[in-house]
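Hi,

Here is the structure I promised to send over. Have a look at it first, and then read on for my notes on what turned up.

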Amino acid sequence: MDALLVVDFQNDFTPGGALPVAEGDRIAGPINALLDGFDLVIATRDCHCADHGSFAGVEVDPAQWRGADPPSIWPVHCVEGTPGAELHPSLDQEKVDIVLDKGHDRNSQGYSAFQDTRLGDLLRERGVDRIFVAGLATDYCVKNSVLDARREGFDVTVVENAVRGVEVEPGDSERALAEMEDAGARLATSDEILAERT
Ligand SMILES: [Zn+2]
């Protein structure tokens with residue numbers, strides 16, 4: 001059983017949003033082309049409280065903070081209930097089976113879709129063994145979700161033309177993809193995936 005995981009394809013991560021990823025909106029085409037071929041499509045949303053510890057200017061107790069990257073490094077983004085936190089309108093949401101919110105813990109970046117969510121259990125309950133991952137951003141939430149998926153034993157393919165990176169440092173996306181490959185994930189284009197699954 002295969003599932004398509006669309007990570008954080010939200011308004012705030014696309015051009016015009018609070019934490020825009022260059023060409024973030026361009027992933028819609030390849031994602032929409034894949035939707036019909038999957039019996040299970042899960043879209044995650046980064047979903048933060050208004051005083052989330054990842055936001056610049058928010059004070060965090062260092063003893064409480066956990067996980068990747070220090071606190072207070074990102075502009076305010078994806079605050080629960082705001083338009084920025086909504087899925088991007090170009091995503092064909094009628095074909096999304098489950099919307100899963102992540103990043104609720106104010107004391108963690110919450111990059112991974114598996115962190116503090118029931119995604120792992122949900123996939124196992126549905127008999128999923130192969131996950132195809134698209135979304136934003138390559139170098140943060142996609143990477144951490146893929147690495148966690150590999151740790152949990154899933155077969156993972158990254159849809160390489162349906163991801164884009166923040167690129168705080170030039171080359172971050174490429175390095176992230178290499179790290180995912182080193183962890184056993186495969187890279188393939190949406191056309192290659194369509195061809196091999198039909
Ligand atoms: Zn976030």
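Let me start at a small detail: just after helix 3, Gly153 takes a positive phi of about 90°. Before going further, keep in mind that this is a predicted model.

Helix 3 itself covers residues 138–151, and twelve of its 14 residues are buried, so the rest of the structure largely encloses it. Among the buried ones are Tyr140, Cys141, Val142, Val146 and Leu147, but also Asp139, Lys143, Asn144 and Asp148. What do the buried residues of helix 3 pack against? The list is strand 1, strand 3, strand 4, strand 5 (155–164) and helix 4 (172–182).

One of those partners, strand 4, holds Gly135. With a relative accessible area of 0%, Gly135 is buried. If you skip its neighbours within four places in sequence, Gly135 is in contact with Val7, Ile27, Val142, Ala162, Val163 and Arg164. Its C-alpha atom is 9.0 Å from that of Ala43, a residue 92 places away along the chain.

Next, strand 1, which is residues 2–7. Six of its six residues are buried. That goes for both faces: Asp2, Leu4 and Val6 are covered on one side, and Ala3, Leu5 and Val7 on the other. Which strands does strand 1 pair with? With strand 4 (residues 130–136) it pairs in the parallel sense over six bridges, and there Asp2 stands opposite Arg130. With strand 2 the pairing is parallel too, over five bridges, and Ala3 stands opposite Leu40. Strand 1, helix 1 (residues 28–35) and strand 2 together make a right-handed β-α-β unit.

Now the nonpolar packing. The largest nonpolar core has 57 residues, and Ile31, Ile42, Leu123 and Ile131 are the ones with the most contacts inside it. Take Ile42: leaving out residues up to four places away in sequence, it touches Leu4, Leu5 and Val6, then Ile98 and Leu100, and also Leu119, Leu122 and Leu123. There is also a second, separate core of five residues, including Phe55, Val58, Val60 and Trp65.

You will probably want to look at the metal site. Which residues coordinate the zinc ion? They are Asp46 through OD, His48 through NE2 and His77 through NE2, at 2.0 to 2.1 Å. Along the sequence, these donors follow the spacing D-x1-H-x28-H. Both histidines, His48 and His77, sit in the loop between strand 2 (40–46) and strand 3 (98–102), so the pair ties together parts that are 29 residues apart in sequence. Are His48 and His77 buried or exposed? Both are buried.

Last, the charged pairs. The count comes to 20 salt bridges, and here are three that join distant parts of the chain.

- Asp2 and Arg197: the closest N and O atoms are 3.0 Å apart. Asp2 is in strand 1 and Arg197 in helix 5 (residues 190–197), 195 residues apart. Asp2 counts as buried at 13% relative accessibility, while Arg197 counts as partly exposed at 27%.
- Asp36 and Lys95: the closest N and O atoms are 3.5 Å apart. Asp36 is in the loop between helix 1 and strand 2, Lys95 is in the loop between strand 2 and strand 3, and 59 residues separate the two in sequence. Asp36 is exposed, with a relative accessible area of 62%, and Lys95 counts as partly exposed at 31%.
- Arg45 and Asp101: their side chains meet at 2.7 Å, N to O. Arg45 belongs to strand 2 and Asp101 to strand 3, 56 residues apart. Asp101 counts as partly exposed at 23% relative accessibility.

Going back to Asp2, what is it linked to in a network of salt bridges? The network joins Asp2 with Arg130 and Arg197. Recall that Arg130 is also the residue that Asp2 stands opposite in strand 4.

Cheers

Methods. Residues numbered from 1 in each chain as written. Predicted model: local features only at pLDDT ≥ 70, side-chain atom pairs only at ≥ 80, totals over all residues. Heavy atoms only, no water. Core = buried A, V, L, I, M, F, W, Y, C linked by side-chain atoms within 4.5 Å. Buried < 20%, exposed > 50% of the residue type's maximum accessible area, 1.4 Å probe, protein only. Contact = heavy atoms within 4.5 Å. Donors = N, O, S within 2.8 Å, 3.2 Å for Na, K, Ca; no water. Helix = DSSP H or I, 4+ residues; strand = E, 2+ residues; numbered from the N terminus. Pairing = 2+ DSSP bridges. Right-handed = clockwise from strand over helix to strand, strands pointing away. Salt bridge = Lys/Arg side-chain N within 4 Å of Asp/Glu carboxyl O.
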